[in-house]
Amino acid sequence: MPRAWNFSAGPATLPEPVLRKAQSEMLEWRDAGASIVEISHRGPEFMEVAAAAEGALRTLLSIPDDYAVLFTQGGATTQQALIPLNFAAPGQPADYVLTGHWGKTALKQAKPYVATHVSATSEADNFRSIPARDTWQFAADSAYVHITANETIHGVEFRDIPDTGEIPLVADFSSSIASEPVDISKFGIIYAGAQKNLGPVGISVTIVRRDLLERDGQPRADIFDYRSQLKAESMLNTPPTWNWYMLGLNVQWMLDEGGVEAFAQRNARKAQLLYAAIDGSNGFYRNEVEASVRSRMNVPFFLRDEALEKAFLAESKDAGLLALKGHRAVGGMRASIYNAMPEAGVQALADFMRDFAGRHG
């Protein structure tokens, strides 16, 4: 059977060439005599895999030498708890800009460790916008300012990097990393769960300016200390080797496809195609996000008649279009169109939407 078009928000669709490459190496990785998930993470074979993954990621994202790269177990939510532990002193405040569900989650994870301060929020308009930068108010002696670069559920994306002055900017890039060129030097820390644009679920990437690692942070176990993780080359304990290997394959695929510059162009075309189908439906579909901050990665939309939602989901699934149900926090529909989603998949969705509207409008 042909693979369906998978619009899942995460675990998300992976490129077919990556899956086929992994399939071909499943029983034996090169001449190791065993699969990648059976060999020692401290052996030369896997050390080569890990080094290659970091090298490819540094090339893909143009990561400066004065930034360290960590590959850790878990997802972005884990990093949301570790960041205040590592970079804020006991009692020191940290600023959070809330533009959706995941910004609120980051705030919740940090509250046990720092005096959290909401410097700006768009909750009053149900997270359909991003507060203007000149309205943000920072706490005195703030450890950092945290933003969510792209809100996977609410479909809101920062299109410009905010200037936070001398306060380090920390950003959750889980659902938009590697989707376009980004000047990493504008950030103190970038982190991302892999399961949207980088690879499978179970591993995350943290990119941190090395001078920030000199901060003492708060008392914490070695396993939660970024400095210890860096010293151990992200292998302080047994890492998720299969996920790391798959991440490396996925990053190399993105390089082979032309890198972030090429994907920026593809992603712009895909987003334009899908938003055109919504905006051109005479109100049959609607997206409620302010146009200037609409996400290129996650497109939530609603049907004019909620009674048609079940039919839409059933018929779209029959048409080979998967995982279009919106998140329970928002409802409606959502199409996630990450790097691995081809333009043909978005075209198929747009065509289906027009056909469905024509038959039910």
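**Figure 1. Two enclosed spaces inside the model.** A cavity here is a set of points, on a 1 Å grid over the protein atoms alone, where a 1.4 Å probe fits but cannot get out, and its lining residues have an atom within 4 Å of a point. Grid points are joined across faces, edges and corners, and volume is the space filled by probe spheres set on them. The model is predicted, so local features need pLDDT of at least 70 and side-chain atom pairs count only at pLDDT 80 or more, while totals for chains, interfaces and linings use all residues. Residues are numbered from 1 along each chain as its sequence is written, and side-chain values use heavy atoms, with hydrogens and water left out.

Two cavities reach 30 Å³ or more. The largest cavity holds about 90 Å³, and around it sit L61, F173, S176, I177, A178, E180, V182, I184, I190 and I207. That lining splits into eight nonpolar residues, one polar and one charged; Ala, Val, Leu, Ile, Met, Phe, Trp, Tyr, Cys and Pro count as nonpolar, Asp, Glu, Lys and Arg as charged, and the others, Gly among them, as polar. The second largest cavity has about 40 Å³ of space, with T13, P15, K196, W253 and N339 among its lining residues. Its wall is a mix of six nonpolar, five polar and one charged residues.

**Figure 2. The largest pocket takes up about 340 Å³.** A pocket, unlike a cavity, is an open set of points, with protein on both sides within 12 Å along at least five of seven lines. Of its 23 lining residues, T77, W102, T152, Q195 and K196 come closest to the centre. Two elements, α3 (76-87) and α4, give two or more residues each to this lining, and α3 provides the largest share, three residues. Helices (H or I, at least four residues) and strands (E, at least two) are DSSP runs, numbered from the N terminus. Polar residues make up 14 of the lining, next to five nonpolar and four charged ones.

**Figure 3. Residues that UniProt lists as "binding site".** The unreviewed entry puts this feature at A76, T77, W102, T152, D172, Q195, N237 and T238. These residues span 163 residues in sequence and their farthest two C-alpha atoms are 30.2 Å apart, so they do not all gather at one spot. A76, T77, W102, T152, D172 and Q195 are in the lining of the largest pocket, and T77 belongs to helix α3. UniProt also places a "binding site" at R42 (unreviewed entry). R42 sits in the loop between α1 (16-24) and α2 (44-61), where it touches M47, M235 and L236, leaving aside residues up to four places away in sequence. Contact means heavy atoms within 4.5 Å. Feature names are shortened, positions follow the numbering used here, and annotations may be inferred rather than shown by experiment.

**Figure 4. The seven-stranded sheet and helices that pack on it.** The open sheet runs β2-β10-β9-β8-β5-β3-β4, with mixed pairing. At the edges, β2 (67-73) and β4 (115-121) each have a single partner strand, so one side of each lacks a neighbour in the sheet. Neighbouring strands turn by 20° against each other on average, direction ignored. Two strands pair if DSSP finds at least two bridges between them. β8 (169-172) and β9 (189-193) pair in the parallel sense over three bridges, with A171 partnered by I190 in β9. Helix α4 (101-110) packs on the sheet, touching β3 (93-98), β4, β5 (145-148) and β9, and its direction makes about 160° with that of β3. Helix α2 lies across β2 and β10 (203-209), at about 125° to β2. Axes are lines fitted to C-alpha atoms, for helices over the stretch in contact, with angles from 0 to 180 degrees between N-to-C directions.

**Figure 5. A three-stranded antiparallel sheet under view with helix α7.** The order in this open sheet is β11-β12-β14. Here β11 (285-286) and β14 (333-336) are the edge strands, each with a single partner, so one side of each is left without a neighbour in the sheet. Four bridges join β12 (298-303) to β14, and N298 has S336 as its bridge partner in β14. Helix α7 (259-279) lies across β11, β12 and β14, at about 15° to β12.

**Figure 6. Two backbone spots in loops.** Most residues other than glycine have a negative phi, and most peptide bonds are trans. G10 and P11 are joined by a cis peptide bond, with omega about 5°; P11 is in the loop between β1 (5-6) and α1. E233, not a glycine, has a positive phi of about 55° and is found in the loop between α5 (226-231) and α6 (241-256).
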